[in-house]
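Morning, everyone. Two topics today: one helix, then the ligand site. Let's bring up the model.

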Amino acid sequence: MEREFGGKVAVVTGGAKGIGAASARRLAAAGATVVVLDQDQAGAKVAGEIVQAGGQSRFISVDLRSESAVADVFDGIARDMGGLDLLHCNAGIQRYGKVTETSFALWNEVFSANVSSTFLTCHYAIGQMARKKAGAVVITASVQAFAAQAGVVAYAASKGALVALTRALAVDHASDGIRINAIAPGSVDTPMLRWSAEVVAPGADEDEVIQEWGRSHPMGRVARPEEVAEVVAFLLSARASFITGSVYRVDGGLLSQLPVRLPS
Ligand SMILES: NC(=O)c1ccc[n+]([C@@H]2O[C@H](COP(=O)([O-])OP(=O)(O)OC[C@H]3O[C@@H](n4cnc5c(N)ncnc54)[C@H](O)[C@@H]3O)[C@@H](O)[C@H]2O)c1
């Protein structure tokens, strides 16, 4: 039987770890040739494991904040692979602070890793898709685009920017046959979440901090990266053929809940 993404070239940014690694594995398992882009060399291990499992993948080491580096990567993809069909823009970083605690340098660090990297990736990738008159893109935003926890000014603003970017891209490129959607995950058990647990509760048991965050989601737990990757695969597939400009919450009910408790 022909696999869903057979013959497609998929690019996953931030594919070395967490949600991106799960997405790379999920797309490869459905037949895509997956290009893992990351500045972390762990991306080579993800690509290697995909190949070992019988899939097709390659890792390219790149800092996605560098325009010349991103341009070179997509020139290479056009030259060697005939361009790309699917894109998961997922690389990002988390930083903490209220506005008074957020230096302009930190603000710029977050915006360049989360927003400028996505802009640059889309700038070079969507041109290639537009020439093919086909393509699909998913951008990883966050629930923090819609509701902020305390002390995440730069991160929340960056994720809001990605939702607005998603809508603008979707409107501009629908006529090119390209669909662009975003996902808004709640807490997902990844190296980033474990780093956050260490930052907000230094010295505490990491698993307990994550279980506590899980309890704030109506489903009572955080997500596994594979649960997020499943939604990415759906949005990139022909099964989502009339969906563009949307934001899919993958949050275990987190944003549906008002923090009002009745006396029991
Ligand atoms: N984990 C969560 O709870 C959660 C929730 C909502 C949204 N998100 C978002 O999901 C995405 C993936 O998060 P994750 O939890 O898997 O994080 P992660 O830290 O585990 O993985 C992120 C990857 O992005 C890469 N990356 C970051 N900046 C880069 C750059 N400039 N160039 C190249 N690679 C870069 C990192 O090296 C890393 O491999 C992020 O955009 C994050 O904001 C995560």
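Start with helix 3. Its buried residues are Val70, Val73, Phe74 and Ile77. They span an arc of only 90° around the axis, so they sit on the same side of helix 3. The general rule fits here: an α-helix has 3.6 residues a turn, so residues three or four places apart point the same way.

Keep in mind that this is a predicted model.

Now the other face. Turned away from the buried side of helix 3 are Ser68, Asp75, Arg79 and Asp80, and these are exposed.

What covers the buried residues? The cover includes three strands and a helix: strand 1 (9–13), strand 2 (33–38), strand 3 (56–61) and helix 4 (104–132).

Next, the geometry. Helix 3 runs over residues 67–81, 15 residues in total. From first C-alpha to last, helix 3 reaches 21 Å, close to the 21 Å expected at 1.5 Å a residue. Just after helix 3 comes Gly82, with a positive phi of about 75°.

On to the ligand. There are 28 residues around the ligand. Which come nearest? Gly14, Gly18, Gly92, Thr190 and Met192.

Helix 4 turns up again here. Helix 4, helix 1 (18–29) and helix 6 (191–200) each supply at least two residues of the shell around the ligand.

By class, the shell residues are 11 nonpolar, 12 polar and 5 charged.

Last point: where does the ligand lie relative to the domains? Domain 1 (9–186 + 226–247) and domain 2 (189–222) both give residues to the shell, so the ligand lies between them.

That's it from me.

Terms used:
Residues are numbered from 1 along each chain as its sequence is written. This is a predicted model: local features need pLDDT of at least 70, side-chain atom pairs count only at pLDDT 80 or more; totals for chains, interfaces and linings use all residues. Helices (H or I, at least four residues) and strands (E, at least two) are DSSP runs, numbered from the N terminus. The expected span of a helix is 1.5 Å times one less than its number of residues. A residue is buried if 20 or more other C-beta atoms lie within 10 Å of its own, exposed if 12 or fewer, and partly exposed in between; C-beta atoms are placed from the backbone. The arc is that of the directions from the helix axis to the C-beta atoms. Two residues are in contact if their C-beta atoms, placed from the backbone, lie within 7 Å. A residue is near a molecule or strand if its C-beta atom, placed from the backbone, lies within 6 Å of it. Ala, Val, Leu, Ile, Met, Phe, Trp, Tyr, Cys and Pro count as nonpolar, Asp, Glu, Lys and Arg as charged, and the others, Gly among them, as polar. Domain bounds come from an automatic or database domain assignment.
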